[in-house]
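Thank you all for coming. I would like to walk you through one structure this morning, taking it region by region, so please bring it up on your screens.

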Amino acid sequence: MNYLSVENIAKSFGEVGLFSNISFGINEGQKVGFVAKNGSGKTTLLHILAGTESPDEGRVVYRKDITSAFLAQEPDLDPNLTVEETIFASDNEIMRVIAQYEKALENPEDADAYQKAFELMEMHQAWDFETQYTQILFKMKLDQLDKKVGDLSGGQKKRLALTVMLLSKPDFIILDEPTNHLDLDMIEWLEEFFRKENFTIFMVTHDRYFLENVCNEIVELEDGNLYTYKGNYSYYLDKKDARIELDQTNTDKAKQLFKKELDWMRKQPKARTTKSKSRIDDFHEIKDRASKRRKDHQVQLEINMERLGSKIVEIHKISKSYEGKQLLDKFEYNFQKGERIGIIGKNGTGKSTFLNILTGAIKPDSGKVIIGDTIKFGYYTQGGIQAKPGQKVIDVIREFGDFIPLQKGRQISAQQLLERFLFDRKKQYDFVEKLSGGERKRLYLCTVLIQNPNFLILDEPTNDLDIVTLNVLENFLLDFPGCLVVVSHDRYFMDKIVDHLFVFRGNAEVEDFPGNYSDYREYEDSQISESNGKSKNTNVKEVASKSEAKPESGLTYNEKKEFNKLEKEIANLEKKKEKIQQEFLENLTSNEIAKKSIELKEVEDSIENKTERYFELGAKDS
């Protein structure tokens, strides 16, 4: 059953054309993920589907008997209502059924009206509506039902709007970044909810696990063309690679044919037959195909970071509390070179406080943080870029200089740098306030990285970034030679980037978990299964003792994680060693040769130590 048809729609803002001649349909049961680069009109398309904006051309046709709902990035809620009043004020069919039943109770002499109202209550399962909405609000951590909407945070408003939408049980749902402002537990609950429920969905999200586990179709807008993939995110990646390869093959063939036809065009006589005119028309089409060029620019930045010394950051027994709530209690840790730590935990458990203490923005109640002399922090915060009124994109970068230093004494201009961050020359002279949310985040990320930090802290870096930019950012971070600390609800991103986790469990409990997010979730699930109803409030020491339990392989859980991690670390060190050895072939000064020799010795020693440990663990595993 067709729910809606999008027929040849187009949209532009001034001279900027977002898309044109877009057509597709959505049928019952489809769960479609929409993928496109930032600035290509994803949010605008969602608003057109929802009816809050009109296309310049074309139309959107809905089936008459379906209900739809739209979850925008910035929900439009009445600030004067309470949380509970917002639920009851929503345009919800169940609310109308309840109102009809209450009216029937006021007129008991009308038996037919009462019977009809009673049957509707049964059909819509409206008797349990209060239980339903209180359960979902509790899951969304909105248990203060009398709190005014105007007093809620942006994230709380988003979760309230999501609750209203879920309770209305629409046939068709349009979602714009539904996982933003949700913690990991909420995201996984919502993912499972959408996976099981019989909704028809069209959504934009950067959460690739969400696309993988919820969607049964991916639609991509690229260079003004729509491409449809009848599968989940993994299927989309496989088929997109195949399409790109085929496109390249066709372009190569067109280039060969173009050369042949170009010779003919140059030699043809002036008198033109009908056949030659047809061939001339074909020539122009071949020329277009042959000159087709993919715009797969990648964010590239060769960090000219200062070399890390032997002392990175030492945290000595820090404690911190707010309004009687203990967030950290004698926490200590020494960062090592090249560490990649992910931070997870529910809101309010102290994650942001920890980052602010780490960077010196706030002081601990007790304990101290010792920063190495060579450390230069790069801190990407959730606050984003603070552009001045009327400031253009190029001006933001020029505040750091007209030329930016790179490795080996090279430099690039501010314009070239922006091009590497996917801002073409025309976009560079746009006002910052005109950029999309994702483009502003990309610009902000650029300003953090060009300051050449060697200790990078990223607080929710994936919010509002498109999947194309996320893939490029991940590739950059995988090659980043400094220390990295990431707070993110993006499970896919965390799995790819970090080696171990700080798990903020609340009540000042912080666990150092040896693995990525999927490893952690698998471990947590196994612990719940083994406990069979035992208390889940396990402290850090108990978790550690459990993780040291010997499996059949002969390695403890932590040793197994270390063994797997060492294999990857040794491979990376070998690449680094090879790179340094290649650099000796260049024209280096005596000072540079001395520095490279020290660096090579450190790498070789590290390879030797890690290899020795690798074989030691391998012997235990055999």
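In which sense do E19 and strand E20, residues 509–513, pair, and over how many bridges? They pair in the antiparallel sense, over 5 bridges, and I should say at once that what you are looking at is a predicted model. Within that pairing, Phe 502 stands opposite Asp 512 in E20. The two strands, E19 and E20, form a hairpin with 2 residues between them, and in the turn you will find Asn 507, which has a positive phi of about 55°.

Staying with E19, which covers residues 500–506, this strand is mostly covered, with 6 of its 7 residues buried. E19 also pairs with strand E12, residues 340–345, and here the sense is parallel, again over 5 bridges. If you want a place to look in that pairing, Gly 345 stands opposite Phe 504 in E19.

Let me turn now to the N-terminal part of the numbering, where 3 strands form an open sheet in the order E2-E1-E4, with antiparallel pairing. Strand E2 (16–27) and strand E4 (57–62) stand at the edges, and because each has a single partner strand, one side of each is left without a neighbour in the sheet. Direction ignored, neighbouring strands of this sheet are turned by 15° against each other on average. Strand E1, residues 2–13, is joined to E4 by 5 bridges, and one bridge to look for is that of Val 6, whose partner in E4 is Val 60. Helix H1, residues 42–50, lies across E1, E2 and E4, and runs at about 130° to E1.

Next, a pair of helices. Helix H5, residues 129–139, and helix H6, residues 154–168, pack at an angle of about 145°, with their axes 10 Å apart, and their crossing is right-handed. From H5 the contact is made by Phe 129, Gln 132, Tyr 133, Ile 136 and Leu 137, and from H6 by Leu 160, Thr 163, Leu 166 and Leu 167. Sorted by character, the residues of this contact divide into 7 nonpolar, 2 polar and no charged.

Finally, how far should the 13 residues of helix H4, residues 111–123, span? At 1.5 Å a residue the expected span is 18 Å, and the end C-alpha atoms of H4 are 18 Å apart, so the two values agree. After H4 comes Gln 125, whose phi is positive, near 50°.

Notes: Residues are numbered from 1 along each chain as its sequence is written. This is a predicted model: local features need pLDDT of at least 70, side-chain atom pairs count only at pLDDT 80 or more; totals for chains, interfaces and linings use all residues. Side-chain values use heavy atoms; hydrogens and water are left out. Helices (H or I, at least four residues) and strands (E, at least two) are DSSP runs, numbered from the N terminus. The expected span of a helix is 1.5 Å times one less than its number of residues. Buried means under 20% relative accessible area, exposed over 50%, partly exposed in between (1.4 Å probe, protein chains only). Two strands pair if DSSP finds at least two bridges between them. Axes are lines fitted to C-alpha atoms, for helices over the stretch in contact, and angles run from 0 to 180 degrees between N-to-C directions. Contact means heavy atoms within 4.5 Å. A crossing is left-handed if the near helix is turned anticlockwise from the far one by less than a right angle, and right-handed if clockwise. Ala, Val, Leu, Ile, Met, Phe, Trp, Tyr, Cys and Pro count as nonpolar, Asp, Glu, Lys and Arg as charged, and the others, Gly among them, as polar.
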